[in-house]
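Biologist: Could you take a close look at one part for me, the strand in the middle of things, and walk me through what sits around it? Start with the ligand if you like, then work your way over.

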Amino acid sequence: VKMFMEPIKRLVSFNEQFQKGMAGFQRFTELMAIKTEIKENEDAKKLENIKGNIKYSNVSFGYNHHNKVLTGINFSINAGETVAFVGPSGAGKSTLCKLLPRFYDIDKGEILIDNLNIQNLSLVSLRNNIGIVQQDIFLFNGTIKENILYGRLDATQEEIIEAAKEANAHEFIINLENGYDTNIGERGVKLSGGQKQRISIARSFLKNPPILILDEATSSLDNESERIIQKSLAKLSQDRTTLVIAHRLSTVRNADKIIVLTDKGIVEIGKHEELLDKTDGVYRKLYTKQFSLV
Ligand code: ATP
């Protein structure tokens, strides 16, 4: 009997080991499900002299292979248009915009700029054509001048000042003790939220990209700064294809197109009045909920 039991014991033990091993293996594959790095095609083309037409065709994307954030996304934007993305928090509005400069690669479908698949473009040239103005503005320790210059490294002093003027930043900058040479960031002067935003807008004016992604701030500034910033952003988006993650009524009202994104994907596309006319429309509901008290 003993002779008979030993192999079975060993087999049971092996089975236990195997199960443990499998669990480990599963964790490993889960870890490995993280996406591969963004790579450039060997024969990548330069994106140059573009008009700025954008098309998302059947685009699907997830941050990992377990859950999809976007599925079957279809829309197009004509060159020069401003499109406002609205929808509940977490629907994927920012994600959708981050796919355009290829911060992440899509799983399915195509994203085209002027009919060119972004997958076949050189990353530098693709990103040179796209300006991004964000809520959490990326300013580094350095002078104001250096921070604006980051938009286009070969710009002249005159061009920097011109960009700052367009962003309504010039006045406050020259009133600082060291003007454009004022140090900002950890070791320099503290700028207000609105001032920081204007510097980042100046940076985008200097870069002068045909395509702009605008992530509107939800945090409120005082009315005066708000008004100034809205004005410079409106000017910045002129004559550029602009994708706005919209939080403001004025933005959605003036957009050439509103795209309503929910966890079901894109549910409505149209102008403000058109979408407001839809009696059980998602936009209509969002609009009344979000803006009726504004
Ligand atoms: P909000 O209006 O709150 O900014 P949103 O519509 O822009 O929301 P996204 O920020 O695109 O939504 O997020 C979509 C989904 O993707 C959310 O479930 C979010 O948790 C998830 N997500 C966002 N960024 C990442 C990331 N870097 N890694 C993993 N998941 C992420």
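Modeller:

**From the ligand to strand β10**

Around the ligand you'll find Y63, V69, G87, S89, G90, A91, G92, K93, S94 and T95. Sorted by class, that shell has 3 nonpolar, 6 polar and 1 charged residues. Keep in mind that this is a predicted model.

Now for the strand you asked about. Strand β10 covers residues 241-245, and 5 of its 5 residues are buried, so the rest of the structure largely encloses it. Both of its faces are covered. On one side sit T241, L243 and I245, on the other T242 and V244, and all of them are buried. For scale, 30% of the 294 residues in the protein chain count as buried.

What does β10 pair with? One partner is strand β3 (residues 82-86), which runs parallel to β10 and is joined to it by 4 bridges. Within that pairing, V83 stands opposite L243 of β10. Another partner is β9, also parallel to β10, with 5 bridges joining the two. There, I211 stands opposite T241 in β10. As a reminder, strands of a sheet pair through backbone hydrogen bonds, either parallel or antiparallel.

If you walk back along the chain from β9 (211-215), you go through a loop to α7 (193-207), and N208 is found in that loop. N208 is worth a click: its phi is near 55°, a positive value in a residue other than glycine. Most residues other than glycine have a negative phi. N208 has 15 other C-beta atoms within 10 Å, which makes it partly exposed.

Helix α7 itself packs on helix α8 (residues 223-237) at an angle of about 10°, with the axes 10 Å apart. The two helices are therefore roughly parallel to each other. On the α7 side, the contact is made by G194, Q197, R198, I201, S204 and F205, which meet S225, I229, S232, L233 and L236 in α8. By class, this contact has 5 nonpolar, 5 polar and 1 charged residues.

There is also an antiparallel sheet to look at. This one is open, has 4 strands and follows the order β2-β1-β4-β5. Its edge strands are β2 (70-77) and β5 (116-117), each of which pairs on one side only. Strand β1 (residues 54-61) pairs with β2 in the antiparallel sense over 5 bridges, and Y56 has F75 of β2 as its bridge partner.

Leading into β4 (108-113) from α2 (93-98) is a loop that holds R102. R102 is not a glycine, yet it has a positive phi of about 60°. With 19 C-beta neighbours inside 10 Å, R102 counts as partly exposed; the buried class begins at 20.

One more loop spot: N141 is found between β6 (130-133) and β7 (142-143). N141 is exposed, with 12 other C-beta atoms within 10 Å. The C-alpha atoms of N141 and G185 are separated by 4.5 Å, although the two residues are 44 residues apart along the chain.

Zooming out, the protein chain has 11 helices and 12 strands. Of its contacts with a separation of 6 or more, 73% come from residues 24 or more positions apart.

Key. Residues are numbered from 1 along each chain as its sequence is written. This is a predicted model: local features need pLDDT of at least 70, side-chain atom pairs count only at pLDDT 80 or more; totals for chains, interfaces and linings use all residues. Two strands pair if DSSP finds at least two bridges between them. A residue is near a molecule or strand if its C-beta atom, placed from the backbone, lies within 6 Å of it. Ala, Val, Leu, Ile, Met, Phe, Trp, Tyr, Cys and Pro count as nonpolar, Asp, Glu, Lys and Arg as charged, and the others, Gly among them, as polar. Axes are lines fitted to C-alpha atoms, for helices over the stretch in contact, and angles run from 0 to 180 degrees between N-to-C directions. Angles under 35 degrees count as roughly parallel, over 145 as roughly antiparallel, 65 to 115 as roughly perpendicular and the rest as oblique. Two residues are in contact if their C-beta atoms, placed from the backbone, lie within 7 Å.
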